[in-house]
Amino acid sequence: MKYFIITGSSRGIGEAIVQKLLKPNHHLICISRRTNSELIALANSRNIPLNYFEFDLNNVHKIEELMEKIMQTMDEASVESIYLINNAAVVKPVELLDLSDADDIIQHMNINLIAPMILSSSFIKNTRHLEVDKRILNISSGLSFNLKAMLSCYSTSKAGLETFTKAVGVEQNNVKIMGVRPGAVDTQMYEDSISTDEQAYKVKLAKPSYAADRILSFLFDRFEHGKVVKGW
Ligand SMILES: NC(=O)c1ccc[n+]([C@@H]2O[C@H](COP(=O)([O-])OP(=O)(O)OC[C@H]3O[C@@H](n4cnc5c(N)ncnc54)[C@H](OP(=O)(O)O)[C@@H]3O)[C@@H](O)[C@H]2O)c1
């Protein structure tokens, strides 16, 4: 059985990734604040095991406990490979830094950077004894280096996630780690991020389903340990 832990599965790219992964011999573990009932129904109709954890990744102190609960859903003897896709993120605050609220800045960094770091750390700890293929895929963004006004938190969290990915790649060999930067995708996040940038409306947007195919092609066929690459 191949196990997949995917954060941010309630909509957008994460939902599309889970839809693509609903196949025989796969066991899906989904995390977001809102449960995606459509995914659960689809998994049930195909007889694919899916566990949904309704969890707020801002609760960074509870993430290790969450990972332990996730591990309990697995039948260790059946594990062929195990994957963690750190996809969940927020774009807020979309604001000049001096107008940004301190709580929004803290929450942003918790969800976009601290949560994937702790999820990765507890994933590595909890799977140490499993001699199977183990991979972490972190979803970044071109805005990690392409800087725009009002998106300083987002650029900072994604640049941090990329450095984290490369640094963990240097020290870990038992678990493989990689980052992918999707292009512009037609999701709620994209809409939220452009509210101040008229030019952005002219960008051709990919469908979440296309983004999911590209992201999964890196996970399965083009995995480069310790690297962060452009999705398309
Ligand atoms: N869309 C783009 O153009 C684009 C481009 C480059 C990179 N990306 C990256 O692609 C990834 C997916 O983005 P998207 O466009 O699909 O975004 P989206 O449609 O806004 O979806 C974000 C997902 O993250 C989850 N999430 C947000 N806050 C959370 C929290 N506190 N706890 C748990 N889950 C939380 C949301 O679920 P709940 O609200 O139910 O919690 C949702 O499922 C992100 O890492 C984003 O940075 C997107």
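User: Buried means under 20% relative accessible area, exposed means over 50%, and partly exposed is in between. With those cut-offs in hand for this predicted model, which class does Lys69 fall into?

Analyst: Happy to start there. Lys69 has a relative accessible area of 44%. Because buried ends at 20% and exposed begins over 50%, the class for Lys69 is partly exposed.

User: Which residue does Lys69 meet in a salt bridge within helix H3?

Analyst: Look along helix H3, where the two partners lie 4 residues apart, about one turn of the helix. Their side chains meet with an N to O distance of 3.9 Å. The partner is itself partly exposed, at 40% relative accessibility. The residue that meets Lys69 is Glu65.

User: Which further residue is linked with Glu65 and Lys69 in a network of salt bridges?

Analyst: Glu65 and Lys69 already share a salt bridge. The network they belong to also takes in Lys62.

User: How many residues apart are Glu64 and Lys125?

Analyst: This pair forms a salt bridge, with the closest N and O atoms 2.7 Å apart. Glu64 sits in helix H3 (residues 63–72) and Lys125 in helix H4 (residues 102–127). Both residues count as partly exposed, Glu64 at 35% and Lys125 at 40%. The pair links distant parts of the chain, and the separation is 61 residues.

User: Asp133 and Arg135 also meet in a salt bridge; which of the two is buried?

Analyst: Their side chains come to 3.0 Å, N to O. Asp133 has 29% relative accessibility, so it counts as partly exposed. The partner has a relative accessible area of 16%, and because that is under 20%, the buried residue is Arg135.

User: Turning to the sheet, which are the edge strands?

Analyst: The open sheet has 7 strands with parallel pairing, in the order S3-S2-S1-S4-S5-S6-S7. An edge strand here pairs on one side only. The edge strands are therefore the ones at the two ends of that order: S3 (50–54) and S7 (227–230).

User: By how many degrees are neighbouring strands of this sheet turned against each other on average?

Analyst: The strands pair in the parallel sense. With direction ignored, the average turn between neighbouring strands is 15°.

User: Which residue in S6 does Leu137 stand opposite?

Analyst: Strand S5 (residues 133–139) pairs with strand S6 (residues 176–181) in the parallel sense over 5 bridges. Across from Leu137, the residue in S6 is Met178.

Note on methods. Residues numbered from 1 in each chain as written. Predicted model: local features only at pLDDT ≥ 70, side-chain atom pairs only at ≥ 80, totals over all residues. Heavy atoms only, no water. Axes fitted to C-alpha atoms, helices over the stretch in contact; angles between N-to-C directions. Salt bridge = Lys/Arg side-chain N within 4 Å of Asp/Glu carboxyl O. Buried < 20%, exposed > 50% of the residue type's maximum accessible area, 1.4 Å probe, protein only.
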